[in-house]
Amino acid sequence: MGAYTFTDKSTASVAPSRLFKALVIDFNNLVSKLAPDVKSIENVEGDGGAGTIKKMTFVEGGPIKYMKHKIHVIDEKNLVTKYSLIESDVTENKAESVDYDGKFEASADGGSVCTTVTVYNTKGDYVVTEEEHNVHKEKANDLLKAIEAYLLANPSVYV
């Protein structure tokens with residue numbers, strides 16, 4: 001088993017508190033609306049806070065059919081979240097889990113800087129390459145940009 005760590009920064013032109021509320025607090029509702037490949041998101045255990053297990057189901061035809069995440073921390077005061085991918089049809093032969101630590105901070109221009117530390121806890125001798133990580137990072141950035149566009153178009157939501 002190995003652990004492969006990647007640190008990424010993304011920017012958005014909306015305040016970090018709005019982005020956190022949209023992307024973390026109201027994840028189930030908003031992502032279901034904005035991500036065309038997401039069929040459903042549901043809490044299969046818990047109330048949305050620490051200890052909650054979320055299951056995302058994707059539309060058929062894609063490489064991913066489902067993913068389960070476990071929430072460890074949602075800190076709305078400090079705009080920090082920690083969660084793990086604990087089960088997925090694409091990770092079963094590659095990773096035990098994937099851990100994510102996210103932090104939302106204000107940028108000098110009034111927007112946000114989102115820092116994510118991703119740790120892939122792999123099975124056996126599987127190695128996560130930077131190219132493989134970049135595929136996942138690009139999907140996350142696409143979601144971030146969709147949420148940013150939604151927030152810019154709807155300035156009175158998540159204030």
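This is a short tour of side-chain pairs and one loop residue in a predicted model.

Let's start with charges. Side chains of opposite charge can pair when their charged atoms come close. How many salt bridges does the structure hold? Four. I'll go through some of them.

Take Lys137 and Asp8. Their side chains meet in a salt bridge, at 3.7 Å from N to O. Look at where they sit. Lys137 is in helix H3, residues 130-153. Asp8 is in strand E1, residues 3-12. That pair links distant parts of the chain, 129 residues apart. Now, buried or exposed? Asp8 is buried, because its relative accessible area is 13% and the cut-off for buried is under 20%. Lys137 counts as partly exposed, at 29% relative accessibility.

Next, Asp101 and Lys82. This is a salt bridge too, and the closest N and O atoms are 3.3 Å apart. Here both partners are in strands. Asp101 belongs to strand E6, residues 95-106, and Lys82 to strand E5, residues 80-88. They are 19 residues apart, and the pair again counts as linking distant parts of the chain. Asp101 is partly exposed, with a relative accessible area of 32%. Lys82 is partly exposed as well, at 31%.

One more bridge: Lys94 with Glu132. The closest N and O atoms are 3.9 Å apart. Lys94 lies in the loop between E5 and E6, while Glu132 is in helix H3. Those two are 38 residues apart. Lys94 is partly exposed, with a relative accessible area of 33%. Keep helix H3 in mind: Glu132 is in it, and so is Lys137 from earlier.

On to the rings. A pair of aromatic rings is described by the distance of the centres and the angle of the planes. A search of the whole structure finds three such pairs. I'll show two of them.

One is Phe6 with Tyr120. The pair is edge-to-face, 5.8 Å centre to centre, with 85° between the planes. Why edge-to-face? Because 85° is over the 60 degrees that the term requires. Phe6 is in strand E1, and Tyr120 is in strand E7, residues 112-122. They are 114 residues apart, so to speak of distant parts of the chain is fair. Phe6 counts as buried, at 15% relative accessibility. Tyr120 counts as buried too, at 8%.

The other is Phe20 with Phe104. Also edge-to-face: 5.3 Å between centres, 90° between planes. Phe20 lies in helix H1 and Phe104 in strand E6, so the pair ties together parts that are 84 residues apart in sequence. Both residues are buried. Strand E6 has come up before: Asp101 is in it.

Now a charge and a ring together. Lys55 lies over the face of Tyr66. The distance to the ring centre is 5.5 Å.

Last stop, Ala15. Where is it? In the loop between E1 and helix H1, which spans 16-25. Ala15 is partly exposed, with a relative accessible area of 28%. What does it touch, leaving aside neighbours within four places in sequence? Gly110, Gly111 and Ser112. Compare that with Asn29. Ala15 and Asn29 are 14 residues apart in sequence, and their C-alpha atoms are 20 Å apart in space.

To recap: four salt bridges, three aromatic pairs, and a lysine, Lys55, over the face of Tyr66. Find Lys137 and Asp8 on screen, and you have helix H3 and strand E1.

Key: Residues numbered from 1 in each chain as written. Predicted model: local features only at pLDDT ≥ 70, side-chain atom pairs only at ≥ 80, totals over all residues. Heavy atoms only, no water. Helix = DSSP H or I, 4+ residues; strand = E, 2+ residues; numbered from the N terminus. Buried < 20%, exposed > 50% of the residue type's maximum accessible area, 1.4 Å probe, protein only. Contact = heavy atoms within 4.5 Å. Phe/Tyr/Trp six-rings, centres within 6.5 Å; stacked < 30°, edge-to-face > 60°. Lys NZ or Arg CZ within 6 Å of the ring centre and 35° of its normal.
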